[in-house]
Amino acid sequence: MSSLSGATVKLALSGDSVVLRGAQRGKQAPAERTLSLAFISAPRLGSAKKESVDEAYSLESREYLRRRVAGKPVRFSVAYTTASGREFGHVYVGPDMVRDNAALMTVREGWARVSDAARSKLNRSDTTDDDRQMIEDLLDAEQYARDGRRGMWDESAKPGRPRLVAFEGDSAEFLAGHKGRELRGTVEMVRDAGSLRVMLHLPQVHQMVTVALAGVRAPQVAEPFGAEARFNVELRLLQQDVKVRLEAPGHGAPGSFVGTVVHPAGNIVEWLVSSGFARVQDWSAAHASDPQRLRALEREARAKRLRLWQSESGDVGSSSSTVFEATVVRIISGDSLVVSDASGSDREFQLASVRQPRAADPATAGYAELAREALRRFCIGKPVSVTVDYHKPATEGFRARDCATVRVRGEDAAAHLVRAGLLGVLRHRGDDDHRSSNYDELVDAEAQAIAAKAGMHSGKTVTPAKLADASENAARARSFLPHWQRSGRVPCVVEHVAGGARFRLLVTKDAAKLTFVLAGIRCPRAPRASDGEPWGAEALAYSQRRALQRNVEFEIEGVDKTGAFIGSLWLSKDQSLNEELLRNGLASVHAFSADQSPHGPALHAAARQAQDARRGVWANYDAAAAEAASRQTEEEKKARHAEPTAQLAPRTEFLDVVVSELANASGRFYVQIAQPDNIAGLESLMAGLALDNKQAKPAADFAPKAGQLVAACYSAGKEWHRARVLRHMPGKREYEVLYVDFGNSEVLPVDQIRPLSTKFAALPSQAHEAQLAFVTLPNESFAPDYVSDSKEELRRLVEDRQLVANVEARPSNGPLHLTLYDPELGRPLIEKSVNGLVASAGFAVADRRALSSLHNQAAVAKIEALVVEARESHRGMWEYGDVTADD
């Protein structure tokens, strides 16, 4: 007998033939050879190419040999070679030369017979002793099988199931009958690392199918790493028993499917991805058994730069996803929303890897509207978990966006809408990491929507709803009024919040929209640029948080002259927004309107709660002072409507003040009241602010709102002060702020602005806006050429000195009216006051219509005399004549 060589059986071709694979050397593919088992013959398997059928027991014979030798190391020798080059030899699966002889094993079990050529060779003189002994052993084995009726010698055995190499049935019907079921199979061929030919062992037939591995895209054999990948899959799966699960139709010929193939040693797909032999394929990943694990394995392979990822650049091993809890506060569109995080900052996100139907396309505009409404219903006002997946940079016509996966109670909002056929899923390149962290579920959800013909996959066109504007004018509003008044509380959605007490509502059941104003209250005016009132921004923000895009009810009490409806907005059965704004100190009672409202007593009670707790606009509320002011207001009203000679009693309220800032060109300025308690409180506050902000870091993504109280670093002194945001500078990350304890303002970058701790908000603002009583100074509409000169004159008289001020009037809305005196000039006479000196210098005129003038007409007369003298002497703005005369 010739010497034995080692090899591995790649596959069993039949019950008497195998393909042997040698050892791999370097990167070259190992040598292969086909070896037929000497002296035996097994039933022939049919060939699709030759249109031949399987002989009886041919598959059973091949299966017996396959199970014992396929994929296993063996020893072999070549006994002889025919003229055609076909090699015959002996294969041993173990050390025993008899018991482990593959040919003897097969013959003994009845799945092969001794060949006719071997029988004739037995009696030939040129037959070697080794060959003669082998043939005799094979004949004994065959007789043993015949006597025991083993294998094909069992005449009572039923014919086996047929083997169908070609797929002749309907692929869709076949898939419907077997989808998701675990089927037994044998891998017959590895086309490439991601595509296998598998023999499915079904109850009635052995059916050959092509299975594309779900979740991956492996290289073709001719592509880089393709041959190596196929070789490794062959080592692990070729002619191995596996479990197959068909999941979706394939893209090839009939009998092609997408599915999973699992060997007892593990899932081949996971091994391919973890070894860098395959990429995760988006469209089929949803059909994989564990898409998230595949993504994780791919990230690991990329981080290690294995095979397909060798040329990968950048830090691919770490995930940049950020996860945080938030509340949805606004829906922008079907795929965009705004959330409020734990710090109270609003952040806008686009749902990752999806896009809404085009609103500009008539065929899909209706679905865009439905998507926005579905997203609103699903998540507005609800706590969510936000996973920031990637940042989409700005492109032409589109601004930069952060894209995220948003979950409500664990359910992906995007997948919810995709499943309803209201959003589409974006297709990403294989190497594009900018995708949803839940991308596989999105793909699966879209497949479900397409199969169910849901939403925009139905082929139907949805027309956007047309809404009548009930507030178009007063006449139109009055036509809707009786119906809604009879209805009591009417369900609606708050579409827009224009101010703390002004809204735009949608009434779906009546296909109408309307402007709505809260009855019985007055909210501070929300800031528009820099003209807002204190607490106006807070009132607007509160109404937005509580009502914007929420399902609420309105109750109509009347209509105003512009067509706006007036009434109560109910957040719940027993909670009205009117009362909530009052209770939180973000509005005051409008007496006349409240007295006309059926809810008047409740409104007054809510306002008293805020006053007692000194909330919001009532932070500095003094009941006694409020009563006195009320009396004064009534007196002022009477005086304004009385004879021109009527006047109020002069006020006497002296304060020690310091002018901290000349604010603008209209003669207004800011004063600080020089009281020991105020000075000590401000010094303590500034020291605390400096310490607090020295240790703190800038808040990430801090975007303050107009009217918000913040901590700001003054650019000139690099010191931290309290400030109120006036406005955001368009197109920049900069804000204009007013320092509330000094009165000056400036524009700062956002990194010099930080949220203000509540412990620093208790002290009232130390800078009080004021103007000189009895006079008007040059401004943009009066003597504009002398604005700067008058300001410099005022600066000369007040700068760097402590003054005494008499509060001549305290308007309910507006600056204090002050007469300023310099103690160094002696007695407080109007002629020696700053007011009088400015008039005497020719930079002011008397203002008899001012509220302060109603209190002290004698002082106004003295100012007028000073103005006449200055005009006659051509001082100041009178240098060229009378600036008040008509041209």
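This is a chat about a predicted model of a protein chain, covering confidence, strands, rings and one buried aspartate.

Visitor: Before I poke at this, what's the average pLDDT of the chain?
Guide: The model is predicted, and its protein chain averages a pLDDT of 88, with 93% of the residues scoring at least 70.

Visitor: And where is the pLDDT below 50?
Guide: Residues 642-646 are a stretch with pLDDT below 50. Beyond near neighbours in sequence, that stretch has 3 contacts in the model.

Visitor: OK, strands. Is β31 mostly covered or mostly open?
Guide: Mostly covered: strand β31 spans residues 565-572, and 6 of its 8 residues are buried.

Visitor: Which way does β28 run against β31?
Guide: Parallel, with 3 bridges joining β28 (residues 512-518) to β31. Leu 518 in that pairing sits opposite Gly 567 of β31.

Visitor: How many bridges join β30 to β31?
Guide: There are 6, and β30 (residues 551-559) runs antiparallel to β31. Glu 553 faces Trp 570 across the β30-β31 pairing.

Visitor: What takes a positive phi in the hairpin of β30 and β31?
Guide: That's Gly 563, with a phi near 100°. The hairpin has 5 residues between the strands.

Visitor: And how many residues join β31 to β32?
Guide: Just 2 residues, again in a hairpin. Strand β32 (residues 575-576) is antiparallel to β31 through 2 bridges, and Ser 572 stands opposite Gln 575 in β32.

Visitor: Switching topic: what's the strand order in the open sheet with β36?
Guide: The 5 strands go β39-β38-β37-β36-β40, with antiparallel pairing. β39 (745-749) and β40 (753-755) are at the edges with a single partner strand each, so one side of each has no neighbour in the sheet. From one strand to the next, the twist averages 50°.

Visitor: How many bridges join β36 to β40?
Guide: There are 3 bridges between β40 and β36, which covers residues 709-714. Val 710 is opposite Pro 755 of β40 there.

Visitor: Now rings. How many aromatic pairs does the structure hold?
Guide: It holds 13. Among them is Phe 167 with Phe 174, edge-to-face at 5.4 Å centre to centre and 85° between the planes. Both Phe 167 and Phe 174 are buried. Tyr 714 and Tyr 739 also make an edge-to-face pair, at 5.4 Å centre to centre with 80° between the planes.

Visitor: Which strands do Tyr 714 and Tyr 739 lie in?
Guide: Tyr 714 is in β36 and Tyr 739 in β38 (residues 734-739), so this pair ties together parts 25 residues apart in sequence.

Visitor: Is Tyr 739 buried or exposed?
Guide: Buried, because its relative accessibility is 1%. Tyr 714 comes out at 28%, so that ring's residue counts as partly exposed.

Visitor: Which residues do ring pairs link into a cluster?
Guide: Phe 480, Trp 484, Phe 516, Phe 554 and Phe 565.

Visitor: What lies over the face of Trp 153?
Guide: Arg 146 does, 3.8 Å from the ring centre. There's also Arg 302 over the face of Trp 309, at 4.9 Å from the ring centre.

Visitor: Last one, Asp 440. Buried or exposed?
Guide: Buried, with a relative accessible area of 3%; the cut-off for buried is under 20%. Asp 440 lies in helix α12, residues 439-452.

Visitor: What is Asp 440 in contact with, leaving aside neighbours within four places in sequence?
Guide: Asp 440 contacts Asp 282, Ala 285, Ala 286, Pro 291, Gln 292 and Arg 295.

Definitions and conventions
Residues numbered from 1 in each chain as written. Predicted model: local features only at pLDDT ≥ 70, side-chain atom pairs only at ≥ 80, totals over all residues. Heavy atoms only, no water. Helix = DSSP H or I, 4+ residues; strand = E, 2+ residues; numbered from the N terminus. Buried < 20%, exposed > 50% of the residue type's maximum accessible area, 1.4 Å probe, protein only. Contact = heavy atoms within 4.5 Å. Pairing = 2+ DSSP bridges. Axes fitted to C-alpha atoms, helices over the stretch in contact; angles between N-to-C directions. pLDDT = per-residue confidence, 0-100. Phe/Tyr/Trp six-rings, centres within 6.5 Å; stacked < 30°, edge-to-face > 60°. Lys NZ or Arg CZ within 6 Å of the ring centre and 35° of its normal.
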